[in-house]
Amino acid sequence: MSDLLAARGQMAMSLAFHIVFAAVGIAMPFLMAVSEWRWLRSRDPVWLELTRRWAKGTAIFFAVGAVSGTVLSFELGLLWPGFMAHAGPIIGMPFSLEGFAFFLEAIFLGIYLYGWDRVPPRAHWLAGVVVAASGALSGVFVVTANAWMNTPAGFDVVDGRAVNVDPVAAMLNPAAFQQTLHMTIAAYQAVGFAVAGVHALGLLREPRNLFHRRAFALALTVGGTAAVLQPVSGDVSAKQVARWQPVKLAAMEAQWETQRGAPLRIGGWPDEEAETTRWAAEIPRGLSFLATGDFDGEVRGLTSVPREDRPPVAIVHLAFQLMVACGLFMAAVAALGAVLAWRRRRLPDDPAFLRLVVLAAPLGFLAIEAGWVVTEVGRQPWIIHGVLRTADAVTPMPGLVVPFAAFTLLYLVLAGIVIVLMRRQVFASPVFLREPSGEGRPARRPA
Amino acid sequence: MDPATAVAAVLVASLTLYVLGGGADFGGGVWDLFATGPRARAQRDLVADAIGPIWEANHVWLVLAVVLLFVAFPTAFAAIATALHVPLALMLVGIVLRGSAFTFRTYDDPGVHARWSRIFAVASVVTPVMLGVCIGAVAAGGVRLDPATGAVRTDFVSAWLRPFPFAVGLFTLALFAFLAAVYLTVEAEDRGLREDFRRRALSAAVAAGALAFASLVLARLDAPVMWAGLTARPWSLPFHATTGLCASGAIAALWTRRFRLARALAAAQVAFVLWGWAASQYPYVLPPDLTLAAAAAPDRVLGLLLAALAAGAVVLVPSLVYLFRVFKGRPPALARLESGAPGGGTRAPGEAGTDRR
């Protein structure tokens, strides 16, 4: 394995690991804060128990997310010193602001987790709200920095050096809004569905347990709302990518020739030697419409740039298809759940629907991973799109396969432990039997 | 003060707070490893209670310092990350294992408590040593740049695999252990426990003193740049005198059991050690090749960065003060006594005592 490949592997692995914990750190405190708010309003012990369980899960995920995030901030330099020497000052704004958001998250999570009997109930709940808000902000800032790598702005290159640096323009780069929106929604979607899936499993075993009923209802509402909104955000993103990163879009859609009225390909295998895509189902003129809003709009193809400027097409295309498929399936499950709930005026708890949610539970995270593959692999061979090649940014350090292997092993072990701890947390769930009159809707009791 | 020096000052402040807070959290792990005697279990529990609510917040100072380094002094960051890849990577492994093992221990079965405890404690020893090695390597002028191209010149090993950086690494470990033990004398509620940590603080102080002396001797042999910075400046003598006064004051206060005073003096001593290092290499960020001015990002970047730091501080400082008031304001037992409830952090709100204030 070449050192460049090892460095890319280590970065990809670190990001793929961290993003799971980061997404949980964004969305889980929100669920936790809503649940605690319900407890404060109703004084119903089921909500309190749920809040505490979710808080424990959040604590474990946040800790691993915090340390794996620290690793990433160092890895920017350990693996890509050539990138950081150029980019550090330009993307400094989002990174420094992220530092403060991360600070608030850590401070108020400490107060939240350890302060149950040390601060008044309302202050405790507010601490949870601050954790939820700063977690989301923190994600927005980091993704903003990534967006800059895709659509660099706020500097000029003169003699190989960045001059006229404008950190504000860099922060407000063209991809920032679309990417942060897409990722933030994705976090609520993935976590909402994953949590709903866990409690759907619980409901399949104990259909009358109010603990699972409430958790399922809340998590599915959050995840489902996000899932229905996400295709809209995806469409906005795709149009942005079409305009600013046409080669990435061409790789996502396996579009080789520059074409008016380009078809939308579903599935298919891009043959990079023959520069053609085989076995795809094509929707005529679909891609032109989605990318430009016009059925006859022009879509640039991969052959418009030399081979050495193209990303690995098959990986990007397949990852993109996987992300879209997961997203659409989740949106469909969410819509079905909404229809069922609305028609019956109660929790959609038929075993068939519950099984569908269990099936959808991992898909949000799968979509997040696939989506990051699209963003990152689709930008190759560039680390800063059009400005700096990944191969020119890598550290001169030899033997990079060693840290790659070491960190991979470390993260595999951590992932295994987190899964074991989560299983224990979830399956040791408390039982609160639902009242027969309540039809599964939480019975409001005055405090 | 020019903007580059101002950001460097904030960076040093951030590192100082990391050392005083996060450093003591690592020191707590050291005392977990060396928990002995009839109260070993109580010692470990005290460490866990002390660092539980705050270690993640303390840890962010390190992240902030790194961000400041790569935003304001990007070439220095790139050079350090290249030449010190190995100790930095080991430090990161330590950071990951310490934080994860501590959290797993909190939430896993009590049956496997000992296993997480061991990992937490060993990682708490390795991480400060590696941090100190990196600081020692930079201070000794180990990270060299090519004068013609400005590119880092390194064989990835010789900058840090030397006696001086490791002496600084061990010195860092001793200081962190010292800080932790002194803080814990204040936080211990039980007299026996307090005496345990008083003895530990005193022995850590002796170890830190010996290692400081060893580092100084090695600096003369191995790190002439550092040695010159430490000795030849006009402020050298008064500065070292202040550090020494704080150190002996802390020991005297421990001896006479004035623990709050000892805590303040120990923190001041450690801060002075760190500032002594920073001052000795000013105006260099990487002595002897790269000055702060030469490494600095454009002024517009630094100006915006300082503005962002000021704005951030407005939110951060009250939040931090609140955090420490909630958890360190007075001995937890006293707070619990006043609230009329015996439990720890796992009771439900709304029960007796949660509405105090």
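**Helix packing and a chain contact**

Helix 7 and helix 12 of chain A are oblique to each other, since their axes cross at roughly 140° and oblique covers angles that are not under 35 degrees (roughly parallel), over 145 (roughly antiparallel) or 65 to 115 (roughly perpendicular). This is a predicted model, with local features needing pLDDT of at least 70, side-chain atom pairs counting only at pLDDT 80 or more, and totals for chains, interfaces and linings using all residues. Residues are numbered from 1 along each chain as its sequence is written, while chains are lettered from A and ligands numbered from 1 in the order in which they are written.

**Exercise 1.** Describe the contact of helix 7 with helix 12 in chain A.

Step 1. Find helix 7 at residues 176-205 and helix 12 at residues 351-360 of chain A. Helices are DSSP runs (H or I, at least four residues), numbered from the N terminus.

Step 2. Their axes come within 8 Å.

Step 3. List the contacts (C-beta atoms, placed from the backbone, within 7 Å). Helix 7 of chain A brings residues including Phe193(A), Gly197(A) and Leu204(A). Helix 12 of chain A answers with residues including Pro351(A), Leu354(A) and Val358(A).

Step 4. Sort the contact residues by class: 11 nonpolar, 1 polar and no charged.

**Exercise 2.** Work out which helix of chain B gives the most to the side that touches chain A.

Step 1. Count the contact: 62 residues come from chain B and 55 from chain A.

Step 2. Helices 3, 4, 5, 13 and 14 of chain B each supply at least two residues.

Step 3. Helix 13 of chain B gives the most, with 14 residues.

Terms used: Axes fitted to C-alpha atoms, helices over the stretch in contact; angles between N-to-C directions. Contact = placed C-beta atoms within 7 Å. Nonpolar A, V, L, I, M, F, W, Y, C, P; charged D, E, K, R; others polar.
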